[in-house]
Amino acid sequence: MNTNTANSGSKKTQSGRSARFSLADWMPKIVLAPTMIIAIVCIYGYMIWSAVLSFTNSRMLPSYKFVGWDQYERLFNNDRWMVALTNLGIFGSLFILICLFLGIMLAIFLDQKIRAEGALRTIYLYPMAISFIVTGTAWKWLLNPTNGIQKLMIDMGFENFKFDWLTNPDMVVYCLVIAAVWQASGFVMALFLAGLRGVDGDLIKAAHLDGASTFTTYRRIILPSLKPVFFSALVILSHIAIKSFDLVQALTNGGPGYASDLPANFMYTYTFTRSQIGMGSASAMVMLGCILAILVPYLYSELRGEKNEK
Amino acid sequence: MKNNPVARKTSGVSKVLRIALYTVLLAMAFFYLMPLVIMLITSLKDSEEVRNGTLLSLPAYLHFDSWTKAWSGACTGSTCTGISPYFLNSFKIVIPAVAISTLLGAINGYVISLWKFRGSDLFFAALLLGCFIPFQVVLLPMAQTLGWLGIASSTTGLVFVHVVYGVAFTTLFFRNFYQSIPGELVKAARLDGAGFFTIFYRIILPVSTPIIVVTVIWQFTQIWNDFLFGVAFSGFDSQPVTVALNNLVNTSFGGKEYNVDMAAAIIAALPTIVVYVLAGKYFVRGLTAGAVKG
């Protein structure tokens, strides 16, 4: 807004060079145009396109014969989709809770003037730099019952030790949780540590002078002031959970059977290998709905907060 | 004097607490490091040792055979080229995609924060959504578009896709960074007759080094680690390394060679790990950008 008024002011004073000036006025718009086109076509246009496809009977190729909500009805009558949704519920909530717990705990612990803090931080965060495919490959090896942790424990003398979650349809979703927590919890730690370092030091000193213990200071003063960080972490983690695709592909390939499918894997399989474009698009729209339900309130409050700061 | 015994007591308690603290921190360090260490150990064993040993048993001596095999001999499907061609594919995708998306992001951020016009804020808000949509929503339309453009199943196509969906993030990074540059600076330069690009080139770019580093590292990591676009849009010859690794690991026929799998996984992870070790500070800044303000 401010720059806008500045523009019109300078236009008046230099109206002699109006031709050059109008080019200068247009330059920002010209420069922004490619990204605008990209956003309008490849984000919003495609979103609408997928929405349209989800109301058609498209199978192997897109067709534009509309069938109303049929695909959504078929989707929610599809056992595999319901398994994927249930898995997302279990995986998502456990993943988010454990990541938040570990991340906050590690951040607070690291904040206690720890020796070698830098090295520890580096170790906690490095999985975040790695592809989920690599993470999946590594944990597939660790969790497989014939050669992995189960065998290690048996060889160490725990002969009845059993850890076969990877091949057990009822437990396999927890394998996804373990691997995903391993990858992403360090990220939550980094977020909160940055937040902790930003807390006003005088506030903490004042609390100590009033006789508050370290524990009380954290519980009553420091953590409540990190509420925005908490919400950011929550949004980012749920976003990761809903979009999870690679990890399943590498760790379990959806198996055994389709016991560890997540919505993203369902969408991919139905759209690209099972030639059910209509239903695949419907499942993508449901995923979009989930993300928007989390994101819109968050972005709204963020942008409003920014305006208030000004 | 009276306080002394109390003080000593609390210091004893705090000593115990501190030991507990370090124990937890070290245990967690072990949890994060263990998979990498086990991958490394496994990749250095021969197949006999892999089958008969446990995760933690060390190889009798170091075998680098599985590394050579993973790099240039391992089979995915019917071809036995190892993952080296796909490793190069990843670079062919990552380098142009990072360069283009960073450049676009820089100039977008410059406009959105210093050359605001009516609707530019709205545009930025609309673009933000691009950072967060589940890409499943755009997969099929994008596949069709790539076909029409004649760049389906090629590394060029993947560069295009990564630029399109990376530019929202890069714009966000640069916009947040340029927000702190005072508008008076630009105003003064304009009064001196400097144009749009001169100001960008002479005044803005020279102070942008930190955010360029953050953006390049962020984009490099994101694109290198991408799997979804890679598997959906690549052809047989243009697969990025993540897709090739997944194919290698999930190849079901023939004996499973876990040592080769592990070597291949480490090779695929190496570039981003190296970047992380060398420039971790900037990597963290990229991760927390947008999430923690200020």
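Residues 85-300 of chain A form a span that is 74% helix and 0% strand, with end C-alpha atoms 27 Å apart. An unreviewed UniProt entry annotates these residues of chain A as "domain: ABC transmembrane type-1". Please keep in mind that this is a predicted model. Chain A does not stand alone here: 84 of its residues are in contact with 74 residues of chain B.

**Where the chains meet**

- On the chain B side of this contact, helix α13 (residues 258-288) of chain B supplies the largest share, 14 residues.
- Sorted by class, the side of chain B that touches chain A holds 53 nonpolar, 17 polar and 4 charged residues.

**The largest nonpolar core**

- This core has 175 residues, and the ones touching the most other members are Leu176(A), Phe192(A), Ile83(B), Leu245(B), Ala264(B) and Ala265(B).
- Helix α8 (residues 172-197) of chain A gives the core its largest share, 18 residues.
- Leu245(B) is a handy residue to click on: setting aside neighbours within four places in sequence, its contacts in chain A are Ile133(A) and Thr137(A).
- Within chain B, and with that exclusion still in place, Leu245(B) is in contact with Ile83(B), Ala264(B), Ala265(B) and Ala268(B).

**Helix α11 of chain A**

- Helix α11 (residues 227-243) of chain A has 17 residues, so at 1.5 Å a residue it should span 24 Å. Its end C-alpha atoms are 24 Å apart, in agreement with that expectation.
- Buried positions in α11(A) include Val229(A), Ser232(A), Ala233(A), Ile236(A) and Leu237(A).
- Also buried in α11(A) are Ser238(A), Ala241(A), Ile242(A) and Lys243(A), the last of these being a lysine.
- For reading such a list, it helps to recall that an α-helix has 3.6 residues a turn, so residues three or four places apart point the same way.

**The loop between α4 and α5 of chain A**

- Two residues with positive phi are found in this loop, which runs between α4 (79-110) and α5 (117-125) of chain A; one of them is Lys113(A).
- Lys113(A) has a phi of about 50° although it is not a glycine. Lys113(A) counts as exposed because it has 7 C-beta neighbours inside 10 Å, and the cut-off for exposed is 12 or fewer.
- Ala116(A), in the loop between α4 and α5 of chain A, has a positive phi of about 60° and is not a glycine either.
- With 13 other C-beta atoms within 10 Å, Ala116(A) is partly exposed.

Notes:
Residues are numbered from 1 along each chain as its sequence is written. Chains are lettered from A and ligands numbered from 1 in the order in which they are written. This is a predicted model: local features need pLDDT of at least 70, side-chain atom pairs count only at pLDDT 80 or more; totals for chains, interfaces and linings use all residues. A nonpolar core is a set of buried Ala, Val, Leu, Ile, Met, Phe, Trp, Tyr and Cys residues joined through C-beta atoms within 7 Å. A residue is buried if 20 or more other C-beta atoms lie within 10 Å of its own, exposed if 12 or fewer, and partly exposed in between; C-beta atoms are placed from the backbone. Helices (H or I, at least four residues) and strands (E, at least two) are DSSP runs, numbered from the N terminus. Two residues are in contact if their C-beta atoms, placed from the backbone, lie within 7 Å. Ala, Val, Leu, Ile, Met, Phe, Trp, Tyr, Cys and Pro count as nonpolar, Asp, Glu, Lys and Arg as charged, and the others, Gly among them, as polar. UniProt positions are given in the numbering used here, feature names are shortened, and annotations may be inferred rather than shown by experiment. The expected span of a helix is 1.5 Å times one less than its number of residues.
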